[in-house]
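Thanks for coming, everyone. I'll walk you through one structure, starting from a single residue and working outwards. Have a look first.

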Amino acid sequence: MNITVTLLLICGLLFFTGGAIGIIRFPDFYSRLHPAGKLDTAGLTITMGAIALYTLTPFSFEALITALKIILIAVFVFITSPTATHAIIDAGVRAGLKPWRKEIDPDK
Amino acid sequence: MASIETITSDDNQNRLAPKSQMPTKPGQKRFAAGPFILTFLIMACFWVIFSGKFDAFHLSLGFVSCLIVSFLSSDLLFPTALKPALIICWLRFVGYIPWLLYQILLANIHVFYLSLHPRMMELIDPQIIVFESRLKGDIARTTFANSITLTPGTITVNVTTRGKFAVHCINKQSGQPLPGVMEAKIAKVFKE
């Protein structure tokens, strides 16, 4: 069980790392929101799942309640993360920031 | 977004007002038993999970505060009257969630691959595409917009009151399947 939890945690942390690298590497504000908004949900879900599994291993009623709380964190992030991403990108459009386009595009 | 919500909630008020027995003055709340009880049950569930204590003192505290909260804000959580159709709609929505989770997994792997790819700049071609959606309902559109944001390579930028969606895509391929399958699925969930 410990091995499963560790593997899941490593997986989730990999997703977080990928998200951080993506935020640095993508060219502009709008495309940076793609890794910021998405990889966090995956990383969070996997790490939270791992922690919930870890708390559940000696199964008891208290452990179940703690696990439910941890799962609720993931649920709320699933609702708020796209909304927050949308709010940020909408603020960018309202402020008049032009999206980055590829310059080398012969047919445009 | 705010303007959409105010318009439709006004519509709902007008539609419901003649039917209700109690005359509603502006500023006075209609009391509806169904939403009140349901809000109370949801709040009570959350209280029990979050407090995790089962002695009489904590449970009675929770009972009182759930009563107060559900009295004040049951019309916030359920702006329309509870109809069987709405509940069936929720059940269909639960059936939509596994597909959405699968799409989210795909989205994450896609962005993960992109952000670690050594020649990332050649793969991406960010652009904003605009398309009309045939979804009419408020919740249907919100669900659609949030689902777009969660699926591979796309983020919703803006939704107008006439159902025009502006979507930021990371490359051309990810913008191709929109609206497509997802809109059909959401239309099926909300019966539109």
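**From one glycine outwards**

Let's start with A:Gly37, which sits in helix H2 of chain A. Keep in mind that this is a predicted model.

Is A:Gly37 buried or exposed? It is buried, because 23 other C-beta atoms lie within 10 Å and 20 or more is the cut-off.

Who is around it? Set aside the neighbours within four places in sequence. Then A:Gly37 is in contact with A:Ser81, A:Pro82 and A:Thr85, and also with B:Thr149 and B:Ile155 of chain B. Take A:Thr85. A:Gly37 and A:Thr85 are 48 residues apart in sequence, yet 6.0 Å apart in space, C-alpha to C-alpha.

Now follow A:Thr85 across to chain B. A:Pro82, A:Thr83, A:Thr85 and A:His86 in H3(A) meet four residues in H6(B): B:Ala145, B:Asn146, B:Thr149 and B:Leu150. By type, this contact of H3(A) with H6(B) has three nonpolar residues, five polar and no charged.

How do the two helices cross? The axes of H3(A) and H6(B) come within 9 Å, and they cross at roughly 90°. So H3(A) is roughly perpendicular to H6(B).

Next, zoom out to the whole contact between the chains. How many residues does each chain give? Chain A gives 32 residues and chain B gives 28 residues. On the chain A side, three elements give two or more residues: helix H1 (2–25), helix H2 (29–56) and helix H3 (61–94). The largest share comes from H3(A), with 12 residues. That side of chain A divides into 16 nonpolar residues, nine polar and seven charged.

On to the core. The largest nonpolar core has 30 residues. Which of them touch the most other members? B:Phe144 and B:Val167 do. Both chains feed this core: H1 and H2 of chain A each supply at least two residues, and from chain B so do helix H4 (84–116), helix H6 (138–150), strand E2 (154–159), strand E3 (164–169) and helix H8 (180–189). H2(A) makes the largest share, six residues. That brings us back to the helix of A:Gly37.

One last stop, in chain B. Helix H3 of chain B, residues 56–77, bends by about 50° at B:Phe71. Its buried residues are B:Cys66, B:Ser70 and B:Ser74. What do the buried residues of H3(B) pack against? They pack against helix H2 (33–51) of chain B.

That's the tour. Over to you.

Conventions: Residues are numbered from 1 along each chain as its sequence is written. Chains are lettered from A and ligands numbered from 1 in the order in which they are written. This is a predicted model: local features need pLDDT of at least 70, side-chain atom pairs count only at pLDDT 80 or more; totals for chains, interfaces and linings use all residues. The bend at a residue is the angle between axes fitted to the seven residues ending there and the seven starting there. A residue is buried if 20 or more other C-beta atoms lie within 10 Å of its own, exposed if 12 or fewer, and partly exposed in between; C-beta atoms are placed from the backbone. Two residues are in contact if their C-beta atoms, placed from the backbone, lie within 7 Å. Ala, Val, Leu, Ile, Met, Phe, Trp, Tyr, Cys and Pro count as nonpolar, Asp, Glu, Lys and Arg as charged, and the others, Gly among them, as polar. A nonpolar core is a set of buried Ala, Val, Leu, Ile, Met, Phe, Trp, Tyr and Cys residues joined through C-beta atoms within 7 Å. Axes are lines fitted to C-alpha atoms, for helices over the stretch in contact, and angles run from 0 to 180 degrees between N-to-C directions. Angles under 35 degrees count as roughly parallel, over 145 as roughly antiparallel, 65 to 115 as roughly perpendicular and the rest as oblique.
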